[in-house]
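Hi everyone, thanks for coming. I'd like to walk you through one structure today, so have a look at it while I talk.

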Amino acid sequence: MKAVRSWCLSEVTLKQIREQGLPEIAVLPIGSCEPHGLHLPYGSDTFEAVIIGERVCALAHERGAKVMLLPAIPYGVNSNLLSFPMTIHVSQETLNTILSDIVFSLEKHKVYKLVLLNGHGGNDFLGGLRDLYGKTKVWIFLVNWWKVGSDKLGEIFEEVGDHAGEMETSVCLAIIPHLVHLEDADDGAVRPFRFEALTKGWAWTTRPWERLTKNSGHGDPRKATVEKGERYLNILVERIANFLVELSQSPIDEWFPFEPSK
């Protein structure tokens, strides 16, 4: 029989919670339901956030952090992919409302540190987190997992890609290989912007993915490998776990999360 993971809220009982005590940190994986090219499943973002969350919490727990992985939110902001069949879109306002309810639940239970482990680029929590500041005792930290090892991406991948490309496909090969159909992958080519301002990034607009892409993929996944995925996962899991350990050990004092005045 598989042992219950004491850091996973979905698996523990009330008796176990009472015996082991409350965590210092709750970790909330957040994904989406959208197509990922022709070769990755609709649940890729959620699988990634959950499994990375599991690896991170296991390592942080092993190193002494009092951490608890919460059940995931499996939907995200996908209005610009609705032209593809079975995309499920929820508004950012809806996500912010769900997050707010979770935050106030944690506050009720005296869990005052929350890490959002976001797996979808369309989810933008920054405004909502600023709105929550001052309304709750809970400190909220946002981690977009794919950015954690951004300084190492060029060492591992030939063409990182933006969505279902080499990096994301490699990660999926490492964590959900049975759901990856690399034989069906196309080249992930996209149409360039016609405006220099958008190309250089100092102007921004929503990207309707049926205009941008052929099959919802952005970046060539065909050089993805399990080894590349595991190499990148090892980097980000180590970094996020270290953050959780430090966060677990740090008291919430008058200067938190900054260094105290000298």
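Before I give you any numbers, let me say what a pocket is here: an open set of grid points with protein on both sides within 12 Å along at least five of seven lines. The volume I quote for a pocket is the space filled by probe spheres set on those points. And keep in mind that what you see is a predicted model.

So, the pockets. The largest one has a volume of about 1,100 Å³. Its lining takes in 43 residues, and Gly 121, Gly 122, Trp 146, Asp 162 and Arg 207 are the ones nearest the centre. Which elements supply at least two residues each to that lining? They include helix α2, at 44-62, strand β4, helix α6, at 166-175, and helix α8, at 209-212. If you sort the lining by character, you get 18 nonpolar, 16 polar and 9 charged residues.

The second largest pocket holds about 310 Å³ of space. Among the residues that line it are Arg 191, Phe 193, Phe 195, Arg 207 and Arg 211. You've heard one of those names already: Arg 207 is also among the residues nearest the centre of the largest pocket. The lining of the second largest pocket splits into 6 nonpolar, 2 polar and 4 charged residues.

Let's step back to the whole chain. How many helices and strands does it have? There are 9 helices and 4 strands. Going along the sequence, the order is α-β-α-β-α-β-α-β-α-α-α-α-α. The radius of gyration is 19 Å, and the globule rule gives 18 Å for 262 residues, which is close, so the chain is as compact as a globular protein of that length. Along its principal axes, the C-alpha trace spans about 55 × 45 × 40 Å. Buried residues account for 47% of the 262. And if you take the contacts between residues at least 6 apart in sequence, 78% of them join residues at least 24 apart.

Now for the aromatic rings. A pair of rings is described by the distance of the centres and the angle of the planes. This structure holds 6 such pairs. Take Phe 141 and Phe 243: their centres are 5.8 Å apart, with 75 degrees between the planes, and that makes the pair edge-to-face. Why does this pair tie together parts that are far along the chain from each other, 102 residues apart in sequence? Because Phe 141 is in strand β4, residues 139-144, while Phe 243 is in helix α9, residues 226-249. Are these two buried or partly exposed? Phe 141 is buried, at 16% relative accessible area, and Phe 243 is partly exposed, at 27%.

Another edge-to-face pair is Trp 145 with Trp 146, at 6.3 Å centre to centre and 85 degrees between the planes. Trp 145 is buried, with just 2% relative accessibility, whereas Trp 146 is partly exposed at 22%. There's also a cluster, made of Tyr 133, Trp 139, Phe 141, Phe 243 and Phe 256.

Trp 146 turns up again when we look at His 120. That histidine sits in the loop between β3 and α4, and it's buried, at 5% relative accessible area. Leaving aside neighbours within four places in sequence, its contacts include Trp 146, Glu 34, Asp 45 and Asn 78.

Last topic: backbone oddities. Most residues other than glycine have a negative phi, and most peptide bonds are trans. Where does this model depart from that? Lys 110 isn't a glycine, yet it has a positive phi of about 65 degrees. You'll find Lys 110 in the loop between α3 and β3, and it's exposed, at 58% relative accessible area. Ser 216 has a positive phi too, about 80 degrees. Ser 216 is in the loop between α8 and α9, but it's buried, with a relative accessible area of 0%.

Then there's the bond between Phe 256 and Pro 257, which is a cis peptide bond with omega at about 10 degrees. Pro 257 comes in the segment after α9, and Phe 256 is one of the members of that aromatic cluster.

That's my tour, thanks for listening.

Methods: Residues are numbered from 1 along each chain as its sequence is written. This is a predicted model: local features need pLDDT of at least 70, side-chain atom pairs count only at pLDDT 80 or more; totals for chains, interfaces and linings use all residues. Side-chain values use heavy atoms; hydrogens and water are left out. Rings of Phe, Tyr and Trp (its six-membered ring) pair if their centres lie within 6.5 Å; planes under 30 degrees apart count as stacked, over 60 as edge-to-face and the rest as tilted. Buried means under 20% relative accessible area, exposed over 50%, partly exposed in between (1.4 Å probe, protein chains only). On a 1 Å grid over the protein atoms alone, a cavity is a set of points where a 1.4 Å probe fits but cannot get out, and a pocket is an open set with protein on both sides within 12 Å along at least five of seven lines; lining residues have an atom within 4 Å of a point. Ala, Val, Leu, Ile, Met, Phe, Trp, Tyr, Cys and Pro count as nonpolar, Asp, Glu, Lys and Arg as charged, and the others, Gly among them, as polar. Contact means heavy atoms within 4.5 Å. The radius of gyration is taken over C-alpha atoms; the globule rule is 2.2 Å times the number of residues to the power 0.38.
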